[in-house]
There are 2 protein chains.
Amino acid sequence: MTQRLTRARITAVDTRDIRFPTSRRLDGSDAMHPDPDYSAAYVILRTDAPDGLEGHGFCFTIGRGNEVAVAAIDALRPHLTGAELGAAPADLGAVYRALAGDSQLRWLGPDKGVTHMAVGAVMNALWDLYAKRAGKPLWKLLADLTPEQLVALVDFRYLTDALTPEEALRILRRAEPGKAEREARLRAEGYPAYAASPGWLGYSDARLASAARRAVAEGFTQIKLKVGADLEEDLRRCRIAREAVGPDIRIALDANQRWEPGEAVAWVQALAGFDPYWIEEPTSPDEILGLAAIRRAVAPVKVAAGEHTANRVVFKQLLLAGALDILQLDACRVGGVSEHLAILLLAARFGVPVCPHAGGVGLCELVRHLAMFDYVAVSGTREDRTVEYVDHLHEHFTDPAVIARGRYTAPSVPGFSSTLRPESLRAYAYPHGAVWLAERAQGVA
Amino acid sequence: MTQRLTRARITAVDTRDIRFPTSRRLDGSDAMHPDPDYSAAYVILRTDAPDGLEGHGFCFTIGRGNEVAVAAIDALRPHLTGAELGAAPADLGAVYRALAGDSQLRWLGPDKGVTHMAVGAVMNALWDLYAKRAGKPLWKLLADLTPEQLVALVDFRYLTDALTPEEALRILRRAEPGKAEREARLRAEGYPAYAASPGWLGYSDARLASAARRAVAEGFTQIKLKVGADLEEDLRRCRIAREAVGPDIRIALDANQRWEPGEAVAWVQALAGFDPYWIEEPTSPDEILGLAAIRRAVAPVKVAAGEHTANRVVFKQLLLAGALDILQLDACRVGGVSEHLAILLLAARFGVPVCPHAGGVGLCELVRHLAMFDYVAVSGTREDRTVEYVDHLHEHFTDPAVIARGRYTAPSVPGFSSTLRPESLRAYAYPHGAVWLAERAQGVA
């Protein structure tokens with residue numbers, strides 16, 4: 001189905017440094033990131049189209065350096081200001097290649113770090129704009145594209161030894177039958193979520209137990225615990241969590257890159273009695289071969305990783321090396337929707353389930369679209385798939401993530417759900433928004 | 001040998017955006033970077049020590065985005081301003097871990113992209129400062145450290161399955177005998193260089209031939225050609241170069257990431273008749289497994305890579321996967337001297353020669369120190385080792401690289417040779433230095 005939009009030219013690229021002082025409460029604390037201030041290097045794209053719609057996107061960061069991500073988005077301005085937007089979403093494939101392929105900026109990556117995250121923020125903002133203009137939530141906009149249009153969005157450079165355009169087309173065509181039925185089921189039933197909030201390292205034992213029980217009462221069938229700082233602590237916390245949730249709830253563990261490969265194996269084996277479902281980020285995200293070795297050693301505990309994986313080429317390495325049981329796509333780490341699509345296709349090609357990384361600020365809002373699109377149009381299944389859910393900061397978004405009975409409700413508002421409320425953009429602007437002025441007045445920032 | 005310095009506290013972190021309009025002349029053009037403006041995101045560290053010495057360091061970039069790298073250096077200020085510097089260079093290991101491990105900034109990498117390059121710039125500036133204060137060129141400062149002191153500088157996190165502190169110590173102790181003799185030979189004979197200037201893609205055939213002949217006349221025994229944009233062109237240019245230099249001069253080829261792995265194999269095989277010595281960056285720097293496959297297929301042509309390798313963990317992957325014949329360390333891509341040392345030790349552990357990447361602006365000045373230190377104190381050999389040399393922009397440095405009979409002369413000036421002349425810092429400041437004002441007056445920038 002072609003979706004023609006009236007012409008539009010980008011007239012403004014408005015960037016903001018938005019930070020939430022989450023480190024005050026130890027929300028989000030883990031073995032490597034003890035004090036995150038969840039932040040967004042935020043971009044608003046405006047056009048001269050009479051509809052007045054804006055595209056919103058952001059890099060998710062955890063505080064310091066958010067200004068560097070803003071600078072990286074600003075560096076993309078020459079590609080954006082004055083650019084004529086194509087009439088169809090499929091034209092965004094070429095925009096992605098122009099941004100990620102900028103012959104000078106690519107030296108700073110290529111395809112990794114802040115500059116690549118900035119490409120992702122801008123591409124996500126463009127997709128938000130296209131979806132708003134088309135009057136559809138992003139997942140539906142993508143699901144309504146033809147296999148050929150979707151394939152045109154993907155940059156196959158460095159992928160063709162594992163995934164050719166023809167193979168991508170075959171995957172997408174295989175998912176065509178049943179699309180309408182899956183879409184209906186999605187709207188009726190939602191998409192499985194798991195609860196990551198109970199397990200922050202900074203929480204007390206009592207808070208862990210009550211949060212774990214509450215998650216189960218709310219309908220979640222999987223929770224997650226941060227581990228990796230201290231084995232005795234982890235043994236105690238795993239016991240508390242397992243006792244709180246009973247034997248039938250999956251408990252995922254997340255080490256946030258804390259271990260050497262050999263250390264990871266020993267640590268996971270020490271916790272095996274609590275029947276962990278997966279071990280997430282057991283070591284460096286760059287440890288292709290190390291993750292593969294860990295996976296071989298800790299089975300049947302699954303290895304999950306991907307939130308810090310820089311790009312589709314590294315994901316391809318992980319898949320070719322047999323390093324992943326679970327691929328944890330992040331909406332704001334890679335180069336935006338075109339690259340998400342490439343990664344979903346790679347995962348489908350290797351038969352690895354995608355369970356997106358979320359939490360932070362805005363990640364839950366974004367990744368539900370990607371998982372739902374994957375279900376409707378790529379993998380065609382929700383089997384063994386679940387999207388991370390963390391219950392904070394949603395109130396700042398105009399189209400917040402909604403959970404019912406442990407499942408993400410399918411978004412119905414047009415766009416990518418990436419739009420922060422204007423009052424939040426004002427209050428949390430760093431360093432001069434009202435919230436930060438108040439923090440400093442209290443002498444804590 | 002301990003080297004005690006008087007105490008010093010960092011009083012100022014002065015950053016600059018320095019760019020050279022090299023794209024005007026097609027110097028440095030290759031298949032992926034047709035129009036680089038060689039640039040430095042530059043940092044000057046000042047202290048309260050009475051010696052008044054400054055530490056200079058920089059990220060090398062190729063133009064747009066240099067301001068992002070400056071912002072990334074600025075983001076490290078909280079770790080630097082007011083910091084007391086330890087009395088011995090070995091204390092810089094802890095500084096490296098603090099900078100690279102910043103719990104919020106690491107989200108932007110970890111250990112990759114602009115934020116990691118910024119850590120490298122600052123660490124190199126600190127090493128420049130220590131070497132100036134010790135009155136030694138950096139290579140000599142490092143070579144005079146004990147194996148124990150050197151090992152204390154290395155962050156072994158994520159390395160221990162390939163290189164333990166004990167193995168590093170063994171490598172360094174193995175190189176102890178003969179150090180004085182190698183140092184004397186280095187001062188007398190210099191360190192082998194190869195000439196990369198002849199082979200820029202933007203150069204005409206006549207300019208290629210004359211530059212290749214001149215390189216041989218100047219004493220170089222290896223030249224390098226950029227390839228990968230067009231096979232017919234490459235065949236013609238390889239023929240011209242081979243005819244110009246004769247059969248005994250090594251010709252290296254550099255594809256600057258242009259190819260898919262399979263394409264790389266076919267292309268290199270098509271050029272095999274011209275007896276290329278190595279193929280450099282045949283594909284994406286993230287292609288651990290692809291590079292290994294290319295290496296197996298194109299032997300005896302060697303595979304060289306590393307200038308875009310983000311960190312020591314990725315180098316470890318490349319070495320474990322058997323992806324490299326030649327490791328091309330870059331002085332400004334990774335996290336500075338501590339990480340260079342880790343990478344030199346890894347290369348020694350795997351018996352892979354290090355042939356540093358240079359060119360750009362200032363890379364020749366820096367990497368000669370690393371190669372010379374490697375020869376004196378790590379690998380203990382110059383066999384099959386050669387440092388890239390490009391003959392431009394040296395005049396801007398206070399201690400420029402000097403080549404004699406195709407070899408780098410050993411630096412004798414204290415420091416890391418990373419100091420740009422004050423007049424160059426003023427004239428090439430972007431966007432308001434005199435050179436850029438003149439460029440804009442001519443309507444070209």
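**Exercise 1. Find where Pro110(A) lies, then describe the peptide bond that leads into this residue.**

Solution. Keep in mind as you work that this is a predicted model. Start with the place: Pro110(A) sits in the loop that runs between α3 (92–100) and α4 (113–134) of chain A. Next, look at the bond from Gly109(A) to Pro110(A): this peptide bond is cis, and its omega is near -10°.

**Exercise 2. Now turn to chain B and do likewise for Pro431(B), then check phi of Asn256(B).**

Solution. Pro431(B) belongs to the loop between α16 (422–427) and α17 (434–441) of chain B. The peptide bond from Tyr430(B) to Pro431(B) is cis, with omega near 5°. For Asn256(B), go to the loop between β7 (250–254) and α11 of chain B. Phi of Asn256(B) is near 45°, which is a positive value in a residue other than glycine.

**Exercise 3. Describe how α9(A) and α10(A) pack, and sort the residues of their contact by character.**

Solution. First, the geometry: helix α9 (residues 205–217) and helix α10 (residues 231–245) of chain A pack at about 35°, and their axes are 8 Å apart. The crossing of α9(A) past α10(A) is right-handed. Second, the partners: from α9(A) come Asp205(A), Leu208(A), Ala209(A), Ala212(A), Arg213(A) and Val216(A), which meet Arg236(A), Arg237(A), Ile240(A), Ala244(A) and Val245(A) of α10(A). Third, the sorting: this contact has seven nonpolar residues, four charged and no polar.

**Exercise 4. Repeat the analysis for α10(B) and α11(B).**

Solution. In chain B, helix α10 (residues 231–245) packs with helix α11 (residues 261–271) at an angle of about 35°, their axes being 10 Å apart. Here α10(B) makes a right-handed crossing with α11(B). On the α10(B) side, the contact uses Leu231(B), Asp234(B), Leu235(B) and Cys238(B), while α11(B) brings Trp267(B), Ala270(B) and Leu271(B). Sorted by character, six are nonpolar, one is charged and none is polar.

**Exercise 5. Work out what each chain brings to the contact between chain A and chain B.**

Solution. Count residues to begin: chain A gives 62 and chain B gives 62. Then take the area: about 5,200 Å² is buried between the chains, with 54% of this from carbon and sulfur atoms. Finally, look for the main contributors in chain A: Arg64(A), Gln104(A) and Trp107(A) supply 18% of the area that chain A buries against chain B, more than any other three residues.

**Exercise 6. Characterise the largest pocket.**

Solution. Its volume is about 350 Å³. There are 19 lining residues, and the closest to the pocket's centre are Pro192(A), Arg382(A), Asp384(A), Arg385(A) and Arg407(A). The whole lining divides into nine charged, six polar and four nonpolar residues.

Terms used. Residues are numbered from 1 along each chain as its sequence is written. Chains are lettered from A and ligands numbered from 1 in the order in which they are written. This is a predicted model: local features need pLDDT of at least 70, side-chain atom pairs count only at pLDDT 80 or more; totals for chains, interfaces and linings use all residues. Side-chain values use heavy atoms; hydrogens and water are left out. Axes are lines fitted to C-alpha atoms, for helices over the stretch in contact, and angles run from 0 to 180 degrees between N-to-C directions. Helices (H or I, at least four residues) and strands (E, at least two) are DSSP runs, numbered from the N terminus. A crossing is left-handed if the near helix is turned anticlockwise from the far one by less than a right angle, and right-handed if clockwise. Contact means heavy atoms within 4.5 Å. Ala, Val, Leu, Ile, Met, Phe, Trp, Tyr, Cys and Pro count as nonpolar, Asp, Glu, Lys and Arg as charged, and the others, Gly among them, as polar. On a 1 Å grid over the protein atoms alone, a cavity is a set of points where a 1.4 Å probe fits but cannot get out, and a pocket is an open set with protein on both sides within 12 Å along at least five of seven lines; lining residues have an atom within 4 Å of a point. Grid points are joined across faces, edges and corners, and a volume is the space filled by probe spheres set on the points. Buried area is the accessible area (1.4 Å probe) that two parts lose on being put together, summed over both.
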